[in-house]
Amino acid sequence: MADKNQSESPAPGVSRREIFNIIGSVPALAAVTAGMAGAQTHEDHSHMAHQAAVAAKGPYQRQTFDDHQWKTVCILSDLIIPADDRSGSATQAAVPEFLDDWIAFRTEQDGNQNLRAEIFGGLMWLDRESQRLFQKDFADAAPDQQKQILDRLAYTERVAADDRPWAAFFNQFRSLTVSGFYSSKMGVADLPYLGNVAVEEWKGCDPKVWAIIEDRMKNGYKGVLEAKPWGDAA
């Protein structure tokens, strides 16, 4: 496996701001969690450029979150994407840095603090609810206590009426976390995805790859999802 902490360099002459300006939207959570590698967007390059910039400039300088919020964001993002036997966690993929930078960018570009208010308000509610239930902030609660709160927000069909505003916050935070992770180098490596590979000269699709695609498409979309990973075909 490649070094998970290695960062990819941004395109020459393209700044983070220029990359952010061509981002269309954050990929949908469902598209990523369903394993649809085609949901990759220009945001992939923005996160990779951001990771390279962090490596080049040293420790990340936060723009949005204070110390307490940062601690909560790191814990919450790792609860959403923990480390497993395939890849590291959200924090290891620099997702909190991505979230901080994205909120700062959207605040500047949108000319309002709507996203910032939604995320900050949700983090405050997590602390308030954890204090009510367990007499401690969310970041200091035990993992099973944190899960107890998040389970109320994670499943749309089960959310109580009083929890709906906070479920909306959690869905937004979860979507951004997944987006940040799967647009990082670590996240891209975690997907069975053949794209994002630079070539000096385009000679068309590799016949072996095209044969795999044609074979899988015989069974329709379901066949594509259920087929064995690309790397299994010689």
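The legends below describe close-up views of a predicted model.

**View 1. Phe65 and its surroundings in the nonpolar core.** Phe65, Leu76 and Leu126 touch the most other members of the largest nonpolar core, a set of 39 residues. At least two residues of this core come from each of helix 4 (67-80), helix 5, helix 6, helix 7 and helix 8. Helix 8 gives the largest share, eight residues. In soluble globular proteins, nonpolar side chains tend to be buried together. With neighbours within four places in sequence left aside, the contacts of Phe65 are Trp70, Val73, Pro96, Leu99, Asp100, Ile103, Ile119, Phe120 and Leu123.

**View 2. The aromatic cluster that includes Phe65 and Trp70.** Eight aromatic pairs are found in a search of the whole structure. One of them joins Phe65 and Trp70, whose ring centres are 6.3 Å apart with 45° between the planes. This geometry counts as tilted, because the angle is neither under 30 degrees, as for stacked, nor over 60, as for edge-to-face. Phe65 and Trp70 are both buried. Ring pairs connect Tyr60, Phe65, Trp70 and Phe120 in a cluster. Phe120 also appears among the contacts of Phe65.

**View 3. The stacked pair Phe98 and Trp102 in helix 5.** The ring centres of Phe98 and Trp102 lie 6.4 Å apart and their planes meet at 10°, so this pair is stacked. Both residues belong to helix 5 (residues 95-110), and because they are four residues apart, about one helical turn separates them. Phe98 is buried, as is Trp102.

**View 4. Arg158 over the ring of Tyr155.** Arg158 is placed over the face of Tyr155. The distance to the ring centre is 4.3 Å.

**View 5. The salt bridge between Asp67 and Arg62.** The model has seven salt bridges. In one that joins the side chains of Asp67 and Arg62, the N to O distance is 2.3 Å. Asp67 has a relative accessibility of 59%, so this residue counts as exposed. Arg62, with a relative accessible area of 34%, is partly exposed.

**View 6. Arg152 and its bridge to Glu129.** The closest N and O atoms of the salt bridge between Arg152 and Glu129 are 2.9 Å apart. Arg152 is in helix 7 (residues 143-154) and Glu129 is in helix 6 (residues 114-134), so the bridge ties together parts 23 residues apart in sequence. Arg152 is partly exposed, at 25% relative accessibility. Glu129 has a relative accessible area of 8% and is therefore buried, the limit being under 20%.

**View 7. Arg152 and its bridge to Asp163.** The side chain of Arg152 also meets that of Asp163 in a salt bridge, at 3.0 Å from N to O. This pair links distant parts of the chain, 11 residues apart: Arg152 lies in helix 7, and Asp163 in the loop between helix 7 and helix 8 (164-182). Asp163 counts as buried because its relative accessibility is 9%.

**View 8. The salt-bridge network around Arg152.** Which residues are linked in a network of salt bridges? The members are Glu129, Arg132, Arg152 and Asp163. Within this network, Arg152 bridges to Glu129 and to Asp163. Glu129 is buried, Asp163 is buried, and Arg152 is partly exposed.

Note on methods: Residues numbered from 1 in each chain as written. Predicted model: local features only at pLDDT ≥ 70, side-chain atom pairs only at ≥ 80, totals over all residues. Heavy atoms only, no water. Phe/Tyr/Trp six-rings, centres within 6.5 Å; stacked < 30°, edge-to-face > 60°. Buried < 20%, exposed > 50% of the residue type's maximum accessible area, 1.4 Å probe, protein only. Lys NZ or Arg CZ within 6 Å of the ring centre and 35° of its normal. Salt bridge = Lys/Arg side-chain N within 4 Å of Asp/Glu carboxyl O. Core = buried A, V, L, I, M, F, W, Y, C linked by side-chain atoms within 4.5 Å. Contact = heavy atoms within 4.5 Å.
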